[in-house]
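Biologist: Please take me through one part of this model in close detail. Start with the pocket, then work through the residues beside it and finish with the whole chain.

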Amino acid sequence: MKLRQQYLTKNDCYRAGKRFTPKGAFLHSTGANNPNVSRYVPGDAEIGVNKYSNHWNRGGLDKCVHGFIGKFADGSVGTVQTLPWDMRGWHAGKQAGNNGYIGVEICEDGLNDSAYFAKVYREAVELFAMLCREFGWNPLEDGVILCHAEGYKRGIASNHGDVLHWFPKHGKSMDTFRAEVKALLDGAYARCREVLTRDRDKLEL
C-alpha cells in the first residue's frame, strides 16, 4: 500500500471540523472515467498535479471523503488521505452514514481494464485492513464495511450504485472484498505472532 496525506483544508467539510468515532468504512467509486487521483486533489510531483483547479480542495462543494485510491503521476496506484480518519465526512449524501463511517473513493476508469482494477482493489483491501487494525473492527461483522449501494439499502446513504456496477465485471463483490480484508488481517496477526515467538525464543536461549 502507498499512502500519502493531502488534506482538503479549503473544503467546507474540513472547515466544519466535526469529529466522530468511526465505527466502519464505506467503499465508493467516483462514477467518472478518470483514474488519476490528481483529478480530486491539488496533487504534487509524486501524486500528479491538477492543472485545472477542479479538485475538491475548494469551498462551495457539498461532498468530501477521507481518501482517494487511484493512479499517481508515475502510473502506480496509491491512496491519498484527504481528511483525518476521525473527521466527519460528506460521502453518504445527507444521510446517517456520514456520522459513523469513513468514506473512501476508488477512482474509476472505463471499468473494463482488469489490470487497473486488480491494483486498486488490492490497494483498497490493504487500506481497509489497516483501518480495521487501527480501530479494532472485525471486517466480517455486519455493517462494518459497506459500499455506497449497500448503505442506500440500509437507509444510511443516498441512492448510488457504487461499487456494485463495477466489481462484478471483474469477478468480485463486497463479500469477497470483506473476506480478503479479513484474510489479510489474519495473516498479519499470524506473522506478528510468529515474529514475537521467534524473538522470545531467542531471548530465552
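Modeller: The largest pocket holds about 420 Å³ of space. Keep in mind that this is a predicted model. The lining of this pocket counts 22 residues. Nearest the pocket centre lie Lys63, Trp90, His91, Glu105 and His160. By class, the lining splits into 10 polar, seven charged and five nonpolar residues.

Take His91 from that central group and follow its side chain outward. The side chain of His28 makes a polar contact with the side chain of His91, at 2.9 Å. His28 also has a polar contact of 2.9 Å, side chain to side chain, with His148. His28 is thus a partner in both contacts.

Now His28 itself. It sits in strand β2, which covers residues 24-29. Its relative accessible area is 1%. Buried means under 20%, so His28 is buried. Leaving out residues up to four places away in sequence, His28 touches His91, Gly103, Val104, Glu105, Ile106, His148, Asp162 and Val163. Two of these names, His91 and Glu105, also appear among the residues nearest the pocket centre.

Next, His148. This residue belongs to helix α4, residues 148-153. His148 has 2% relative accessibility, so it counts as buried too. Its side chain reaches the side chain of His28 through the 2.9 Å polar contact. With residues up to four places away in sequence set aside, His148 touches Phe26, Leu27, His28, His91, Ala92, Ala157, Ser158, His160 and Asp162. His91 and His160 are in that list, and both are named among the residues nearest the pocket centre. Asp162 is touched by His148 and by His28. The contact between His28 and His148 therefore links a residue of strand β2 with a residue of helix α4.

Step back to the chain. There are five helices and eight strands. In sequence order the pattern reads β-α-β-β-β-β-β-α-β-α-β-α-α. Of contacts between residues at least 6 apart in sequence, 75% join residues at least 24 apart. The pair His28 and His148 touches across the sequence in that way.

Last, overall dimensions. The C-alpha trace spans about 65 × 40 × 35 Å along its principal axes. The radius of gyration is 18 Å, which agrees with the value near 17 Å for a compact globule of 205 residues. Buried residues make up 47% of those 205 residues. His28 and His148 both belong to that buried share.

Methods
Residues are numbered from 1 along each chain as its sequence is written. This is a predicted model: local features need pLDDT of at least 70, side-chain atom pairs count only at pLDDT 80 or more; totals for chains, interfaces and linings use all residues. Side-chain values use heavy atoms; hydrogens and water are left out. Helices (H or I, at least four residues) and strands (E, at least two) are DSSP runs, numbered from the N terminus. Buried means under 20% relative accessible area, exposed over 50%, partly exposed in between (1.4 Å probe, protein chains only). A polar contact is a pair of N or O atoms within 3.5 Å; within protein, one must be able to donate a hydrogen and the other to accept it, and residues adjacent in sequence count only if both atoms are side-chain atoms. Contact means heavy atoms within 4.5 Å. On a 1 Å grid over the protein atoms alone, a cavity is a set of points where a 1.4 Å probe fits but cannot get out, and a pocket is an open set with protein on both sides within 12 Å along at least five of seven lines; lining residues have an atom within 4 Å of a point. Grid points are joined across faces, edges and corners, and a volume is the space filled by probe spheres set on the points. Ala, Val, Leu, Ile, Met, Phe, Trp, Tyr, Cys and Pro count as nonpolar, Asp, Glu, Lys and Arg as charged, and the others, Gly among them, as polar. The radius of gyration is taken over C-alpha atoms; the globule rule is 2.2 Å times the number of residues to the power 0.38.
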